[in-house]
Amino acid sequence: MFNSFDFIGKKKIWFGFSGLMIVLSIISIVLFRFNWGIDFTGGTILELAFPQNVTVEQVREGLRQDGLETATIQLSGNNIQGESGDDVIIRTRNLSAEEAQTVVSHVNDKVGQAEVKRIETVGAVIGSEVTENTLLNVILSFGAMILYMSIRFEHRIALSAIVAICHDILMVLGVFAFFHLEVDASFLAAILTVLGYSMNESVVIFDRIREAIHTHRRTDSFAKLANDSIHQTIRRSLYTLTTTLFCVASLYFFGGDTTRNFALVMLIGFISGAYSSVCVATSIWVTWHEHTSSARNSAHQEAGEETEKKKRKQK
């Protein structure tokens, strides 16, 4: 099926689709903003003591009515038995005194009457300084990847791969902004995982392109060279994508509320990464080479015409 498909010939479709998705993502980010989690904004800690042992899932069900099912819940105290305990600490977004009492009331209705041991407001775990350091590390990572790929391959390949990675990250950010999904510390970890996956997929294809440059005929176009390389690696990319999606989808559907957004980032990022590596990055590289070759040929043609004019004048 894929051995005869002209991936590079459809580059206008890839560019049009990706350009539209990038614009929509940027609009979503600007209009809807991000729903920062308690790791960035701070929050409220509720500690409840129950007369009987309860599980984390029971407490989470009690929080669902207030839309707090993604809150961090942990068992505490000395009476923990397996996955249950009688003392529970809930960390959630900032709550007013009235909201906190309402949450406690709903938990009591669902789980059982509990004694409120404390209600505290805490600061952000990930402050502005840590956020700046994270962004700095991402920028340094991009720089290191560009340097590595420029040395191993060429600068056109490096920049094409970086554009594809930025494309994947924007897809994830756009979805989270549009649906107002919570952005927390696990989101950053998932983004870095997506970055590594997308980079790996691009390296596999461009490594095959680098080898093909030395083995293909000189008359072959860059489009044919890229298409042949994609055909040789597409099965491997699909197998890798399928196995990773199987694991991540299992985590998304069966892993519980606390890991759902973490898994969703990787679901979107892995699909986008496979698409951008095959369709976008290679198409950018081919277009860049074709433009450079066209400009070089035009320069040679102009130089030849100038030489002919000089010869005619001399005659």
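A residue is called buried here when its relative accessible area is under 20%, exposed when that area is over 50%, and partly exposed in between. With that in hand, a walk through this predicted model can begin with Asp207, whose relative accessible area of 17% falls under the 20% limit, so the residue counts as buried.

Asp207 does not stand alone. Its side chain meets that of Arg152 in a salt bridge, with 3.1 Å from N to O. Arg152 belongs to helix H5 (residues 128-152) and Asp207 to helix H7 (residues 185-215), so this contact ties together parts of the chain that are 55 residues apart in sequence. The two partners differ in their surroundings: Arg152 is partly exposed, at 36% relative accessibility, whereas Asp207 is buried.

The Arg152 and Asp207 pair is one of 13 salt bridges counted in the model. Another joins Lys11 and Glu290, whose closest N and O atoms are 3.0 Å apart. This pair links distant parts of the chain, as Lys11 sits in helix H1 (residues 11-32) and Glu290 in helix H9 (residues 257-314), 279 residues apart. Lys11 has a relative accessibility of 18% and therefore counts as buried; Glu290, at 32%, counts as partly exposed.

Strands are joined in this way too. Glu47 forms a salt bridge with Lys117, and here the closest N and O atoms are 3.8 Å apart. Glu47 is part of strand E2 (residues 43-55) and Lys117 is part of strand E5 (residues 115-122), so the bridge ties together parts that are 70 residues apart in sequence. Again one partner is buried and the other is not: Glu47 has a relative accessibility of 11% and counts as buried, while Lys117, with a relative accessible area of 47%, is partly exposed. Both residues also belong to a wider arrangement, in which salt bridges with shared partners join Glu47, Asp87, Lys117, Arg118 and Glu120 into one network.

Aromatic side chains offer a second set of links. A pair of aromatic rings is described by the distance of the centres and the angle of the planes. Across the whole structure, 11 aromatic pairs are found. Among them is the pair of Trp14 and Tyr275, an edge-to-face arrangement with 6.1 Å from centre to centre and 80° between the planes. Trp14 lies in helix H1 and Tyr275 in helix H9, so these rings tie together parts that are 261 residues apart in sequence. Both Trp14 and Tyr275 are buried, and together with Phe17 they form one aromatic cluster. Helices H1 and H9 are thus the helices that hold both the Lys11 and Glu290 salt bridge and the Trp14 and Tyr275 ring pair.

Helix H9 takes part in a further aromatic pair, that of Phe222 and Trp285. Their rings are edge-to-face, with 5.7 Å between the centres and 90° between the planes. Phe222 is in helix H8 (residues 222-254) and Trp285 is in helix H9, so that distant parts of the chain, 63 residues apart, are linked. Trp285 is buried at 0% relative accessibility, whereas Phe222 is partly exposed, with a relative accessible area of 27%.

Charges are also found over rings. The charged end of Lys10 sits over the ring of Phe5, at 5.1 Å from its centre. In a similar placement, the charged end of Arg260 sits over the ring of Tyr252, at 5.6 Å from its centre.

Turning back to the strands, Thr92 is located in strand E4 (residues 84-92). With a relative accessible area of 5%, Thr92 is buried. Leaving aside residues up to four places away in sequence, Thr92 touches Ile38, Gly43, Thr44, Leu68 and Ala71.

The surface, finally, brings the account back to helix H1. A nonpolar surface patch of about 960 Å² is made by Leu20, Val23, Leu24, Ile26, Ile27, Val30, Leu31, Phe32, Phe178 and Phe179. Helix H1 supplies the largest share of this patch, eight residues. One of the patch residues is Ile26, which lies in helix H1 and is partly exposed, with a relative accessible area of 40%. Helix H1 therefore presents both buried residues, including Lys11, and a partly exposed one in Ile26.

Methods
Residues numbered from 1 in each chain as written. Heavy atoms only, no water. Salt bridge = Lys/Arg side-chain N within 4 Å of Asp/Glu carboxyl O. Helix = DSSP H or I, 4+ residues; strand = E, 2+ residues; numbered from the N terminus. Buried < 20%, exposed > 50% of the residue type's maximum accessible area, 1.4 Å probe, protein only. Phe/Tyr/Trp six-rings, centres within 6.5 Å; stacked < 30°, edge-to-face > 60°. Lys NZ or Arg CZ within 6 Å of the ring centre and 35° of its normal. Contact = heavy atoms within 4.5 Å. Patch = residues over 30% accessible without salt bridge, like charges linked within 9 Å, V, L, I, M, F, W, Y side chains within 5 Å. Areas by Shrake-Rupley, 256 points an atom, 1.4 Å probe, with all protein chains shown as cover.
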